[in-house]
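Work through the following exercises with the sequence and the coordinates side by side, and attempt each task before reading its solution.

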Amino acid sequence: MADEQPIVGRETELAELSALAASPDGRALLLRGEAGVGKSVLLDAAAARSLALGHRVVRAAGVGAESELPFAGLHQLLHPLLPQAAGLDRVTRTAFDTVFGRTTGEAPSVMTLGVAVLDLFALVSGDSPLLVVVDDAHWFDAQSAEVGRFIARRLSAHAVSMAVGVRADLPSAWDAAGLPELTVPALDPRAAARLLDAHAPDLSTAARHQVLEQARGNPLALLELPRALREGTAHGAGPGELPLSRRLEQLYGDRIRTLAAAERTELLRAALDGTGAAPSPADRARHRLRAVDGALAAGLLTVDTATGDPVFRHPLVRSALLQSATPNERRAAHAELARLHHADIERHAVHLAAATVDPDEAVATVLERAARSATARGAAASAVALLTRAAELSPAAGPRSRRLGDAAYVAAQSALLDQAQQLREASDRLAGAHRSPTAVITSAYASLYRDGDVRSAHRRVAAALGSLPPDGDPETRTRLLNLLLAISLFAADPALWTVTDALVDEVPGTSYTALYRDAFGDLARRGTGTRERVQDAFARLGEEQPWDVMRLGVAAYYLDALGDQRPLVRRVADREADSGAVTNAMTLLQLVMLDQINSGDWDAAERTGLRGLDLTAVHGYALFAQQYHGFLGLVAARRGDLEAATAALNRLDRWARPRGVGHLTQLAEAIGATAHLTAGDFEGAYSYASGLAAPGTFTPYSQQALRTLLDLVESAVHTGRAAQARAHAVAARDQGLPAISPYLGFLTAAALAMTEDDTRAGAAFERAVAHPAGAEYPFELARVRLAQGMWLRRARERSAARAVLAQAAEAFDRLGAAPWARRARAELRAAGAAAAPGADGPAAALTAQERQIAELAASGLSNKKIGARLSLSPRTVGAHLYRVFPKLGISSRASLRDALAGNSAEAG
């Protein structure tokens, strides 16, 4: 750009950037400095160095006018490369087409889009390395900045480098990117003098001293102040006066005022539209500068040598244009730009709103449409601003109040609860309501998410629904009902659910609200046919809003229908986590985590849980934080980390029980059942599992009562409660659980097999392990195979037992469920398999029967109960244990469990 001149006083910075441009390995560098310090010149030098080496360069620059337009910066950056995207797979191409408005469809997540960009960069850099240059990145829109940060941290595997420039005095999304930084300071006095003398050699001694004093080493000031002195427009820098960047704006403003009115109008339109920041994408309209010779002569513009287009000399020129324009001039420019962008709903709406002074219902309607578009593209926070402006332009109090209420709702979904409260109060004042439905929604969300206050939140929302007139706003009624369903789900209280059911029954049957009620509530009694309704709702979702995806996702999880929607749920969770509907992202990430737990990817589940905890900490959502701790405890329980599982259980119970958050106290009970099953403490497991559901019954409105079906049956079988175990298995069948979801069908088949009499158990186990849903739940399937192998061994089918038990042991090993794997290998040895050298430490010395007796004793059974199970006398059991203790190196029954696990202190 501009005339090429030697760069003075930047030897260190130039060396660093030259190394970046020439590096064969991908990396990123963040340049940080004040306005006018020379970041753009240094980035130009890096680009020139890269081009001289035969590399490819793509550039973008942030523009204040586009900072609220989702993905505007990314589009600018990628536009020169998009023709080559034809060489990528269809999914990647679709990601670009969706976010850039070429097609409609599901907006990709930050991760999906970031990977797509990396794939495109890899393709482009296949023949020659690529340098990506982003100037004024502090003005990138939030979505583009998030994708930029994602790719900047993952360049090491590609021949792609990235240089990013940001202002030191402005906060930006790049501040937390964790990238290597190059600080660009002011020039030292000697370098500043050299630069000034090279560009203004005719200055008098006094003028030279004045410029050096005022510029303070800022290169832009050293270039611009001499001209201002000659023109008599220089401003001093006395105590209390404006900072340098503002004084430079004033210098540019003085030059702008000397231009003809038509030329000023041209420049103003360009400044408001982002023209001159970088080459304009061919497929996106943008104001083109015409007849600007005066601005070129005044040094306000220069010519881009790559394109021949006029561009602004510095971002401060754009700022000066906006400062110097009158309100009427700015509105007229925005009106022209609104016409230019008529095909781009969000750009059109932004400019149209800026051009409008008086209330205008047509403009407010356009802003509402733009808000919906922004939300569907993962920019819910931007939608709040659009809806707020729509309210300001609404002629009548009713629509104005409604639009403020809509903005409050979206703000609440975006974890902007304080802003939601302010918008709600404004909506109430307009409506003349002391406690409007919008107020109840906002305050109840805060009570639920921040405090877990389910009782009072339920009371307030139910009362608001009861006070709505029959012909009240249907959208408000739906929002209240959906919130009431969420509160009721967390409360898991039949009394509260009775109120909720009655209110939902008043809604027409076609509403999604009835679907959510049947999935979130008494699933055992309302669930039949609901899975198909959820699948149909997903198929008709269309342009999804994040809260719709979230609610349908929760319903799908409880109905074992999440598998087909897994990509959508993950995309929306990632998309919304930063600048979108963050509240919904927290729940969607929980669904991702639960899906990972069920599928056996426990390491990934823990990573997702920690990511979710970070989000809850930032936004103060205690309810979701407790859920994440509970899910992490469930993983620990399956792995056999009993200390972590117990800590999670206790934490959850202490927080949830006093608040009446039954959903979480039941999760704590489920963690306890799993942890004790893993430890072989079947009596303890039965105590927890039977607390969730009494044998033969399924507690109404309890999701965990259904999902711990196998835990209750297995612990009952191992503690000699055969009648209770069978009653529960039969109750699951008779209740119709298999018709509700494949997962519940699998659990029911497994429970029936574990409790079947010996003449039919073999066929029942075969049906259970062959159930189609079993493969989707490897932990539960391995447990069923372990039970099947134990039955086969007792039935003296030792060869078949070894085959099944080997499968179980391998599955537990893959999952990282070490205690379960040890139990399966012990059964393998009991079935006649040779022990691996050193397996299980001292426990390897036990005979098969001694091992079996020791495990039963470790689970808490008395000698009498062990004898009854194994057809031995209590005395014989005692004799076996007498021989077991010295083999394990222990002296008491209390040490059995640790010794069998191979980590007893007594065992030395």
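A residue is called buried under 20% relative accessible area, exposed over 50% and partly exposed in between, using a 1.4 Å probe and protein chains only. The model is a predicted one, in which local features need pLDDT of at least 70 and side-chain atom pairs count only at pLDDT 80 or more, while totals for chains, interfaces and linings use all residues. Residues are numbered from 1 along each chain as its sequence is written, and side-chain values use heavy atoms, with hydrogens and water left out.

**Exercise 1.** Determine which parts the salt bridge of R783 and E714 ties together, and whether each partner is buried or exposed.

*Solution.* Begin with the criterion, which asks for a side-chain nitrogen of Lys or Arg within 4 Å of a carboxyl oxygen of Asp or Glu. The side chains of R783 and E714 satisfy it, with N to O at 2.8 Å. Next, place the partners: R783 belongs to helix α41 (residues 778-794) and E714 to helix α36 (residues 709-718), so the pair ties together parts 69 residues apart in sequence. Helices here are DSSP runs of H or I with at least four residues, strands are runs of E with at least two, and both are numbered from the N terminus. Finally, consider accessibility: R783 is buried at 3%, and E714 is buried too, at 5%.

**Exercise 2.** Compare the accessibility of the two partners in the salt bridge between D518 and R526.

*Solution.* The closest N and O atoms of this pair are 3.9 Å apart. D518 has a relative accessible area of 9% and is buried, whereas R526, at 31%, is partly exposed.

**Exercise 3.** Describe how helix α20 and helix α31 pack.

*Solution.* First take the geometry, for which axes are lines fitted to C-alpha atoms over the stretch in contact, and angles run from 0 to 180 degrees between N-to-C directions. Helix α20 (residues 437-451) and helix α31 (residues 622-639) have axes 4 Å apart and pack at an angle of about 35°. Then list the contacts, meaning heavy atoms within 4.5 Å: L448, Y449 and R450 of α20 meet A622, L623 and F624 of α31.

**Exercise 4.** Which residues does V461 touch, leaving aside those up to four places away in sequence?

*Solution.* With those sequence neighbours set aside, V461 touches V440, A444, L480, L483, L484 and I487.
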